[in-house]
Amino acid sequence: MTQPVYIPLSGYREYPVEEMERRAAEFYAEMRRRRTVRDFSDRPAPRAVIEQCLLAAGTAPNGANLQPWRFVVVQDPATKRRIRLAAEAEERAFYESRAPQEWLDALSHLGTDASKPFLETAPYLIAIFAQSYGLDAEGRKVKHYYVSESVGIATGFLIAALHHAGLATLTHTPSPMHFLNEILDRPPNERPFLLLVVGYPADDATVPVIEKKGLDEIAVFV
Ligand code: IYR
């Protein structure tokens, strides 16, 4: 048992209502501009930006503040190639046989297929791992709580931070993706959660026409 230590809340800022409304509207406008990109440029992107965005991700609320995540930033072309080849092998199995027709139908408007050149083109792949349990200094298992929720929230922060900084992202989930443990040499307590492709969009990048649900469809006030 550790006794809690409290300090005054110092970072919180209250805004006048009009300013709050303006800020909320501006943030929504900023976020709705974000699109998942599948055509990436090979232009290098600043590492310092990636580092700041990872720090922002690391501020996410999480179970017992055990911060059960690990971000592996891949830049090395040979490693990106290995990831591409392994991901495409899984994706081929997915598109050719593993995915039920209903799933393929649900995806068809996105125009995705088993070819994943962006895994080599984009300057960064951030492999996000969820730590199902931690290990203390003596190598004993430390239980982690709400791991998927925690890593999901941190990933959301990361995507928002990268977009805010001016980089494009793609949330890629080859399934299964345990090949990431082998290629990136991660221990058994780390489970691949998502592969985030990060960089500048290609000059001729296109995105599918999609709609977002309206407020009435996504929320109820009771
Ligand atoms: N993982 C595959 C299939 C895929 C699945 C969903 I759900 C998507 O929203 C998009 C793609 C792929 O990356 O192609």
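**Close-up 1. Salt bridges across the predicted model.** The count for this structure comes to 12 salt bridges. The model is a predicted one, and the next few views take us to some of these pairs. Side chains of opposite charge can pair when their charged atoms come close.

**Close-up 2. Glu19 and Arg22 pair up in helix H1.** Here we look at a salt bridge whose closest N and O atoms are 3.8 Å apart. Helix H1 covers residues 17–32, and Glu19 and Arg22 are three residues apart in it, so about one helical turn separates them. Glu19 counts as partly exposed, with 26% relative accessibility. Arg22 also counts as partly exposed, at 41%.

**Close-up 3. Arg47 meets Glu51 in helix H2.** In this salt bridge the closest N and O atoms are 2.7 Å apart. Both residues belong to helix H2 (residues 47–57), where they sit four residues apart, about one turn of the helix. How accessible is Arg47? Its relative accessible area is 53%, so Arg47 is exposed. Its partner Glu51 has 36% relative accessibility and therefore counts as partly exposed.

**Close-up 4. Glu190 and Arg186 join through their side chains.** The salt bridge between these two residues has an N to O distance of 2.7 Å. Is Glu190 buried or exposed? With a relative accessible area of 4%, Glu190 is buried. Arg186 has 22% relative accessibility, which places it among the partly exposed residues; the cut-off for buried is under 20%.

**Close-up 5. A network of salt bridges links four residues.** Take a moment to find Arg81, Arg84, Glu88 and Glu120, since this view is about how salt bridges link them into a network.

**Close-up 6. Phe94, Tyr95 and Trp103 form a ring cluster.** A pair of aromatic rings is described by the distance of the centres and the angle of the planes. The structure holds two aromatic pairs. One of them joins Phe94 and Tyr95 edge-to-face, with 5.0 Å from centre to centre and 85 degrees between the planes. Phe94 and Trp103 are also edge-to-face, because their planes are at 85 degrees; here the ring centres are 4.7 Å apart. Planes over 60 degrees apart count as edge-to-face. Ring pairs thus link Phe94, Tyr95 and Trp103 into a cluster. Within this cluster, Phe94 is buried, with a relative accessible area of 8%, whereas Trp103 counts as partly exposed at 45%.

**Close-up 7. Thr112 reaches Tyr95 by a polar contact.** Staying with Tyr95, we now turn to a partner outside the ring cluster. Where is Thr112 found? It lies in the loop between helix H4 (101–107) and helix H5 (118–121). The polar contact runs from side chain to side chain, at 2.7 Å. Leaving aside residues up to four places away in sequence, Thr112 touches Arg38, Tyr95 and Leu107.

**Close-up 8. Leu66, Tyr145 and Tyr146 make a nonpolar surface patch.** Our last stop is on the surface. What is the area of the patch that these residues make? It is about 320 Å². One of its members, Tyr145, lies in the loop between strand E4 (141–143) and helix H6 (147–165). With 39% relative accessibility, Tyr145 counts as partly exposed.

Key
Residues numbered from 1 in each chain as written. Predicted model: local features only at pLDDT ≥ 70, side-chain atom pairs only at ≥ 80, totals over all residues. Heavy atoms only, no water. Patch = residues over 30% accessible without salt bridge, like charges linked within 9 Å, V, L, I, M, F, W, Y side chains within 5 Å. Areas by Shrake-Rupley, 256 points an atom, 1.4 Å probe, with all protein chains shown as cover. Helix = DSSP H or I, 4+ residues; strand = E, 2+ residues; numbered from the N terminus. Buried < 20%, exposed > 50% of the residue type's maximum accessible area, 1.4 Å probe, protein only. Polar contact = N/O pair within 3.5 Å; in protein donor to acceptor, adjacent residues only side chain to side chain. Contact = heavy atoms within 4.5 Å. Phe/Tyr/Trp six-rings, centres within 6.5 Å; stacked < 30°, edge-to-face > 60°.
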